[in-house]
Amino acid sequence: MEVEEEVFKLIKSRKKGILQNELWKKAEIDRRKCSRIVDKLEKEGKIVREHEATGGTRTYRIRVAEIKEKAKARNFKLLLVRDMFAPCTGCTVECTPELCIPLSAWVFNLIEEE
Ligand code: SF4
């Protein structure tokens with residue numbers, strides 16, 4: 001667990017991400033262990049990986065997922081249906097979505113818009 005946190009900290013410390021073939025060296029762990037940790041972080045949605053070639057070697061650039069998510073969030077069309085903003089955005093109510101009136105209204109608007 002500690003090693004995983006260290007790897008994640010290393011990834012977070014790089015604004016533009018870090019190459020996987022650099023990450024395991026910086027983290028001072030072997031390549032396979034690094035790969036397992038990166039797979040786990042990716043499955044947990046904490047990071048994203050994109051193919052990149054450097055010096056004839058194929059590897060991945062690894063970034064914290066938030067950076068990519070922020071870019072997606074700029075497209076507010078995904079959250080707007082007619083004049084209604086997605087009700088779950090920022091909602092802090094403990095809920096049962098099947099019984100939520102604002103969510104139902106938003107989904108009906110979404111269906112009608114299509
Ligand atoms: S389903 Fe309703 S109560 Fe639950 S998060 Fe969405 S808007 Fe909030």
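## A walk through the model

Let's start with Phe-76, which sits in the loop between helix 4 (65-73) and strand 4 (80-81). Keep in mind as you look around that this is a predicted model. Phe-76 is partly exposed, with a relative accessible area of 48%. Together with Leu-80 and Phe-85, Phe-76 makes a nonpolar surface patch of about 280 Å². Why can Phe-76 be part of a surface patch? A patch takes residues with over 30% relative accessible area, and Phe-76 has 48%, so Phe-76 clears that cut-off.

Staying in this part of the chain, look at Arg-82, in the loop between strand 4 and strand 5 (84-85). Arg-82 has a positive phi of about 50 degrees, even though Arg-82 isn't a glycine. Its relative accessibility is 44%, so Arg-82 counts as partly exposed.

Now for the ligand. Which residues surround it? They are Pro-87, Cys-88, Cys-91, Cys-95, Pro-97, Cys-100 and Leu-103. If you sort this shell by type, you get seven nonpolar residues, no polar ones and no charged ones.

Next comes the sheet. It is an open sheet of three strands in the order 1-3-2, and the pairing is antiparallel. Strand 1 (18-19) and strand 2 (47-54) stand at the edges with a single partner strand each, so each has one side without a neighbour in the sheet. As a bit of background, side chains in a regular strand alternate between the two faces of the sheet.

How many bridges join strand 2 to strand 3 (residues 57-64)? There are eight, and the two strands run antiparallel. You can trace this pairing through individual residues: Val-48 stands opposite Arg-63 in strand 3, while Thr-54 has Thr-57 as its bridge partner there. Strands 2 and 3 form a hairpin with two residues between them. In that turn, Gly-55 has a positive phi of about 55 degrees.

On the other side of the pairing story, strand 1 is joined to strand 3 by two bridges, and these strands run antiparallel as well. Here Ile-18 finds its bridge partner in Ile-62 of strand 3.

A short detour takes you to Glu-28, in the loop between helix 2 (20-26) and helix 3 (31-43). Glu-28 is not a glycine, yet its phi is positive, at about 55 degrees. Is Glu-28 buried or exposed? With a relative accessible area of 73%, Glu-28 is exposed.

Now to the charged side chains. In general, side chains of opposite charge can pair when their charged atoms come close. A search of the whole structure turns up ten salt bridges. One of them brings together Arg-49 and Asp-39, at 2.6 Å from N to O. This pair links distant parts of the chain, with Arg-49 in strand 2 and Asp-39 in helix 3, ten residues apart. Arg-49 has a relative accessible area of 19%, so Arg-49 is buried. Asp-39, at 29% relative accessibility, counts as partly exposed.

Arg-61 and Glu-52 also meet in a salt bridge, at 2.7 Å from N to O. Arg-61 is buried, with a relative accessible area of 17%, whereas Glu-52 is partly exposed at 25%. There is a network to find too: salt bridges that share partners join Glu-4, Lys-40, Glu-44 and Lys-46. Within it, Glu-44 and Lys-40 form a salt bridge whose closest N and O atoms are 2.9 Å apart. Both of these residues are partly exposed, Glu-44 at 39% relative accessibility and Lys-40 with a relative accessible area of 37%.

Finally, head for helix 5 (residues 101-113), where you'll find Glu-112. Glu-112 counts as exposed, at 54% relative accessibility. Where is Glu-113? Glu-113 is in helix 5 too, and with a relative accessible area of 47%, Glu-113 is partly exposed.

These two residues let you take a couple of distances across the model. Glu-112 and Arg-63 are 49 residues apart in sequence, and their C-alpha atoms are 37 Å apart in space. For Glu-113 and Asp-39, 74 residues apart along the chain, the C-alpha separation is 38 Å. You've already met both partners: Arg-63 as the residue opposite Val-48, and Asp-39 as the salt-bridge partner of Arg-49.

Conventions: Residues numbered from 1 in each chain as written. Predicted model: local features only at pLDDT ≥ 70, side-chain atom pairs only at ≥ 80, totals over all residues. Heavy atoms only, no water. Patch = residues over 30% accessible without salt bridge, like charges linked within 9 Å, V, L, I, M, F, W, Y side chains within 5 Å. Areas by Shrake-Rupley, 256 points an atom, 1.4 Å probe, with all protein chains shown as cover. Salt bridge = Lys/Arg side-chain N within 4 Å of Asp/Glu carboxyl O. Helix = DSSP H or I, 4+ residues; strand = E, 2+ residues; numbered from the N terminus. Buried < 20%, exposed > 50% of the residue type's maximum accessible area, 1.4 Å probe, protein only. Near = heavy atom within 4 Å. Nonpolar A, V, L, I, M, F, W, Y, C, P; charged D, E, K, R; others polar. Pairing = 2+ DSSP bridges.
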